[in-house]
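Let's work through a few short exercises together. Try each task on your own before you read its solution.

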Amino acid sequence: MGAVAEAAVTEVTQRVRRGINMWSTVCIRCGKQRVFLKKWKEKVDNRGTVITSEIYVCPDKECQKIVDAKFAEMRQKRIDSEQRKANLRIKKPAVVVA
Ligand SMILES: [Zn+2]
């Protein structure tokens, strides 16, 4: 795979992972068409890979606040469970099946 194609795949993967694709259609809470808020580029690793991210928000500011809070909560839960899993892996004794 060429570097350009690889970068494109990485970008899509990143977007899907962040849930940005589903952000770009309608509000998950009220169903209104989301509006474009901002677009930015950021480095995602030490090799200098840059991805472009876009954020679309609900036109209803109060609704968006609630959605943001929900996403933040979901993100925190995911981080917590990942940390728990990492801890389990460390604590688990190595079992060697001969
Ligand atoms: Zn909304």
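The exercises below go from confidence to layout to strand pairing.

This is a predicted model, where local features need pLDDT of at least 70, side-chain atom pairs count only at pLDDT 80 or more, and totals for chains, interfaces and linings use all residues. Residues are numbered from 1 along each chain as its sequence is written.

**Exercise 1.** Find out which element has the lowest mean pLDDT and which has the highest.

*Solution.* Start with the term: pLDDT is the predictor's confidence in each residue, from 0 to 100. The chain has a mean of 80, and 70% of its residues reach 70 or more. Now go element by element: helix α2 (residues 20–23) comes out lowest with 50, while helix α3 (residues 61–91) is highest with 91. Where pLDDT is low, don't read the predicted coordinates in detail.

**Exercise 2.** Work out the order of helices and strands along the chain.

*Solution.* Helices (H or I, at least four residues) and strands (E, at least two) are DSSP runs, numbered from the N terminus. You get three helices and two strands, in the order α-α-β-β-α.

**Exercise 3.** Describe how β1 and β2 are joined.

*Solution.* Two strands pair if DSSP finds at least two bridges between them. Here, eight bridges link β1 to strand β2 (residues 50–57), and the two run antiparallel. One bridge partner to look up is V50 in β2, which goes with K43. Together the strands make a hairpin with six residues between them. In the turn, G48 has a positive phi of about 90 degrees.
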